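Please find below a colleague's note on the structure shown here. The points take up the ligand site, the metal site and the backbone in turn.

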Amino acid sequence: MSDTLLAQVPLISMKDQASDPEGFAQELGRSFQRFGFAMVSDHGVPQDVVDRAWAATKAFFALPEEEKRRYFVEGGGGARGLTPFKTEIAKGATHVDLKEFWHVGRELPKGHRFEELMAPNIWPDRPEGFRDTFLNLFKALDDAGDRLLSAIARYLGLAPDWFDHAVKDGNSVLRLLHYPPVPADAPEVRAGAHEDINLITLLLGAEEAGLQLLDRTGEWLPVSPPEGAMVVNVGDMLQRLTNHVLPSTTHRVVNPPPERRGHARYSMPFFLHPAPDFLIKALPQCVTPENPEREPPITAHDYLAERLAEIGLTKK
Ligand code: OGA
Ligand code: NI
């Protein structure tokens with residue numbers, strides 16, 4: 001059978017990372033290098049924290065439209081609060097996405113040196129407990145992200161703590177996504193083909209079908225994690241840092257088959273970003289005569305600003 005027919009993103013467990021960090025690093029790194037994606041179980045994000053987050057997400061998006069609109073920050077580029085339905089458009093796409101979302105960022109102490117670059121969070125009055133729920137989830141995803149990056153560092157031959165400094169007080173964003181039920185004749189897709197901007201993305205909620213990656217074979221492969229597992233993927237910043245050794249793979253969320261069109265889809269991607277002043281510069285071990293440096297160095301902040309303008313969230 002050809003490689004094409006067998007291609008499937010593997011499910012890997014994080015359970016033995018502590019006792020066998022090298023084994024986990026190889027599994028994750030190989031999956032990233034082949035697909036730009038991995039499915040990870042036993043990721044350590046507590047189930048009760050995740051359950052509360054789903055309940056709060058569903059309750060928030062069920063609020064009246066005009067109440068939700070109060071949390072749209074005019075001119076804020078969607079960095080915090082609500083981005084209403086049909087705002088974001090994938091780079092180069094002709095239709096807007098069929099989604100609305102909420103962004104939670106990192107809480108910084110007053111007077112922090114990144115205060116000017118990372119907007120403060122805003123919080124809805126309802127549902128109750130929203131703030132605590134998502135600060136807890138943010139923390140748990142931050143920790144899981146650190147463990148995943150430590151494995152990536154090992155895979156790349158770097159010190160296991162190499163990313164600690166890069167991501168300390170990083171500009172990560174937790175996105176709560178609501179894809180409402182889809183009309184039978186919708187010409188759009190739930191989320192058009194795109195690449196993520198950040199270092200890595202930790203995605204909860206992809207159990208509801210629709211997520212697909214564009215494999216290097218040219219085929220769209222479904223990414224269908226088992227209940228509770230997380231989808232993790234490489235973003236453009238890690239691709240740039242690794243001089244494309246780890247690919248930032250194009251992905252999309254397609255509309256469901258007719259019998260599921262009446263159902264909403266919810267997901268929670270955590271876009272793990274470096275600190276704004278981190279310099280994304282191709283790692284020397286990823287630059288070879290066969291793979292010369294592809295892109296010049298750029299700070300994480302400048303790169304993000306460039307990319308947000310392209311997806312319609314900020315004006316050029
Ligand atoms: C994204 C994304 C996938 C999903 O928001 O960048 O790819 O399953 N989401 O919602
Ligand atoms: Ni994405």
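**Note on the ligand, the metal site and the backbone**

1. The largest pocket of this predicted model is the space taken by ligand 1. Three elements give two or more residues each to the shell around ligand 1, namely β5 (173-179), β11 (251-253) and β12 (265-272). Of the elements, β12 contributes the most, with 4 residues.

2. The surroundings of ligand 1 can be listed residue by residue: Arg 175, Leu 177, Tyr 179, His 194, Asp 196, Leu 203, His 251, Val 253, Arg 265, Ser 267, Pro 269 and Phe 271. By class, the shell holds 6 nonpolar, 3 polar and 3 charged residues.

3. Three side chains place a polar atom beside an oxygen atom of ligand 1. For Ser 267, an N or O atom of the side chain is 2.6 Å from such an oxygen. The corresponding distance is 3.0 Å for a polar side-chain atom of His 194 and 3.1 Å for one of Asp 196. Considered alone, ligand 1 exposes 290 Å², of which the protein buries 96%.

4. Which residues coordinate the nickel ion (ligand 2)? The donors are NE2 of His 194, OD of Asp 196 and NE2 of His 251, at 2.1 Å. Along the chain, these donors follow the spacing H-x1-D-x54-H. Distant parts of the chain are linked by the histidine pair: His 194 belongs to strand β6 (residues 191-194) and His 251 to strand β11, with the two positions 57 residues apart in numbering.

5. The metal site and the ligand site should be read together. His 194, Asp 196 and His 251 coordinate the nickel ion (ligand 2), and these residues also appear among those surrounding ligand 1.

6. Two backbone features deserve inspection. As background, most residues other than glycine have a negative phi, and most peptide bonds are trans. The peptide bond joining Arg 126 and Pro 127 is cis, with omega about -10°; Pro 127 is placed in the loop between β4 (100-105) and α5 (130-155).

7. The second feature concerns Asp 42, which is not a glycine and yet has a positive phi of about 55°. Where does Asp 42 lie? Its place is the loop between β2 (37-41) and α3 (47-61).

Note on methods. Residues are numbered from 1 along each chain as its sequence is written. Chains are lettered from A and ligands numbered from 1 in the order in which they are written. This is a predicted model: local features need pLDDT of at least 70, side-chain atom pairs count only at pLDDT 80 or more; totals for chains, interfaces and linings use all residues. Side-chain values use heavy atoms; hydrogens and water are left out. A residue is near a molecule or strand if one of its heavy atoms lies within 4 Å of it. A polar contact is a pair of N or O atoms within 3.5 Å; within protein, one must be able to donate a hydrogen and the other to accept it, and residues adjacent in sequence count only if both atoms are side-chain atoms. Accessible areas come from the Shrake-Rupley method with a 1.4 Å probe; for residues, only the protein chains shown count as cover. On a 1 Å grid over the protein atoms alone, a cavity is a set of points where a 1.4 Å probe fits but cannot get out, and a pocket is an open set with protein on both sides within 12 Å along at least five of seven lines; lining residues have an atom within 4 Å of a point. A molecule sits in a cavity or pocket if more than half of its atoms lie within 2 Å of its grid points. Ala, Val, Leu, Ile, Met, Phe, Trp, Tyr, Cys and Pro count as nonpolar, Asp, Glu, Lys and Arg as charged, and the others, Gly among them, as polar. Donors are N, O and S atoms within 2.8 Å of the metal (3.2 Å for Na, K and Ca); water is not among the atoms, so sites may look incomplete.
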